[in-house]
Amino acid sequence: MKLKSLVALAAVIGSLAAVGSASAATAELFGAAPMGFNFQALAIDSSGNLFTSNGSTMSKITSAGTVTASWASGLNPQSTAVAVSPVDGTVYDGSSTGAPPRVRKLSAAGAVSATFNAPSNTSGIAAMTVDSSGTVWYVSNAKDLVKITSGGTQTNYSIGGSYGPTGVAVDSS
């Protein structure tokens, strides 16, 4: 992962934590990006590209800070989770609204190639990641951990507890 991308990501996250949305410093870092400055989700790929979603538009930003793609067509309503596969660079987008909320698999151009509905008790996708075998993992607001294999099989695991999770991560093994 490129250091400049990590610095850019840290600046965005710091900006979000400080003011609840991206600040003028983030605008200066990325330039006049068409995605707006209300980031809902962030992901970084193995080449150091940053993917952002403001809930209605997703953008791809190179490690140099150049916006090379921006698309809205086919995105989930209120996109709240973004993940990039380390296997093939496929981008995944998860929603917090919809009936039911869903995960969409997107091509590099933003075209939807597959849609996976969340379990019926789910009120939204809280966070998402993709492991080294291409398996998508996400946590829902309904206290579920969900696995989607590269073949499209979806398995739901109940986490339990009082509150829904807000993040998910996988290791490299």
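A residue is called buried here when its relative accessible area is under 20%. By that cut-off, 43% of the 173 residues in this predicted model are buried.

**Figure 1. The whole chain: two helices, then twelve strands.**
The protein has two helices and twelve strands. Walk along from the N terminus and the elements read α-α-β-β-β-β-β-β-β-β-β-β-β-β, with the helices leading and the strands following. The close-ups below pick out two of the sheets, a strand pair, the nonpolar cores and a pocket.

**Figure 2. The open sheet E1-E2-E3-E4.**
Here are four strands in the order E1-E2-E3-E4, paired antiparallel in an open sheet. Strand E1 (41–44) and strand E4 (67–71) take the edges; each has a single partner strand, so one side of each has no neighbour in the sheet. On average, neighbouring strands are turned by 15° against each other, direction ignored. As a reminder, strands of a sheet pair through backbone hydrogen bonds, either parallel or antiparallel.

**Figure 3. Two hairpins that share E3.**
Start with strand E2 (residues 50–53) and strand E3 (residues 58–61), an antiparallel pair held by four bridges. Leu50 sits opposite Ile61 in E3, and Thr52 is opposite Ser59 in E3. The hairpin of E2 and E3 has four residues between the strands, and Gly55 in that turn shows a positive phi of about 100°. Now follow E3 into E4: four bridges join these two, again antiparallel. Ser59 turns up here too, with Ser70 as its bridge partner in E4. The hairpin of E3 and E4 has five residues between its strands, and Gly65 in the turn has a positive phi of about 95°.

**Figure 4. E5, an enclosed strand, and its partner E6.**
How many residues of E5 are buried? Six of the six are, so E5 is largely enclosed by the rest of the structure. E5 runs antiparallel to strand E6 (residues 91–95), and five bridges join the two. One pairing to look for is Ala83, which stands opposite Tyr92 in E6. Between the two strands of this hairpin come six residues, and Gly89 takes a positive phi near 80°.

**Figure 5. The open sheet E9-E10-E11-E12.**
This is an open sheet of four strands, antiparallel, in the order E9-E10-E11-E12. E9 and strand E12 (154–158) are the edge strands, each pairing on one side only. From one strand to the next, the twist averages 20°. Zoom in on E9 and E10 and you find an antiparallel pair with five bridges; Met128 stands opposite Tyr138 in E10.

**Figure 6. The largest nonpolar core, and another apart from it.**
In soluble globular proteins, nonpolar side chains tend to be buried together. The largest nonpolar core in this model has 13 residues, and those with the most contacts inside it are Tyr92, Val103, Ile125, Met128, Val136, Tyr138 and Ile148. Two or more residues each come from strand E5 (79–84), strand E9 (125–130), strand E10 (136–140) and strand E11 (144–148). Which strand gives the largest share of this core? That would be E9, with three residues. Apart from this core lies another one of ten residues, including Ala41, Met58, Ala69 and Val91.

**Figure 7. A closer look at Val136.**
Val136 belongs to strand E10, and is among the core residues with the most contacts. Why does Val136 count as buried? Its relative accessibility is 2%, and the cut-off is under 20%. Also look across to Thr149: the C-alpha atoms of Val136 and Thr149 are separated by 6.4 Å, with the two residues 13 apart along the chain.

**Figure 8. The largest pocket.**
The largest pocket has a volume of about 580 Å³. Its lining takes in 29 residues, and nearest the centre lie Ala43, Ala83, Met128, Thr129 and Val130. Two of these names have come up already: Ala83 from the pairing with Tyr92 in E6, and Met128 from the pairing with Tyr138 in E10. E1, E5 and E9 each supply at least two lining residues. What is the make-up of the lining by class? There are 17 nonpolar, nine polar and three charged residues.

Note on methods:
Residues numbered from 1 in each chain as written. Predicted model: local features only at pLDDT ≥ 70, side-chain atom pairs only at ≥ 80, totals over all residues. Heavy atoms only, no water. Pairing = 2+ DSSP bridges. Axes fitted to C-alpha atoms, helices over the stretch in contact; angles between N-to-C directions. Core = buried A, V, L, I, M, F, W, Y, C linked by side-chain atoms within 4.5 Å. Buried < 20%, exposed > 50% of the residue type's maximum accessible area, 1.4 Å probe, protein only. 1 Å grid on protein atoms, 1.4 Å probe; cavity = no way out; pocket = protein on both sides within 12 Å on 5 of 7 lines; lining within 4 Å. Points joined across faces, edges and corners; volume = space filled by probe spheres on them. Nonpolar A, V, L, I, M, F, W, Y, C, P; charged D, E, K, R; others polar.
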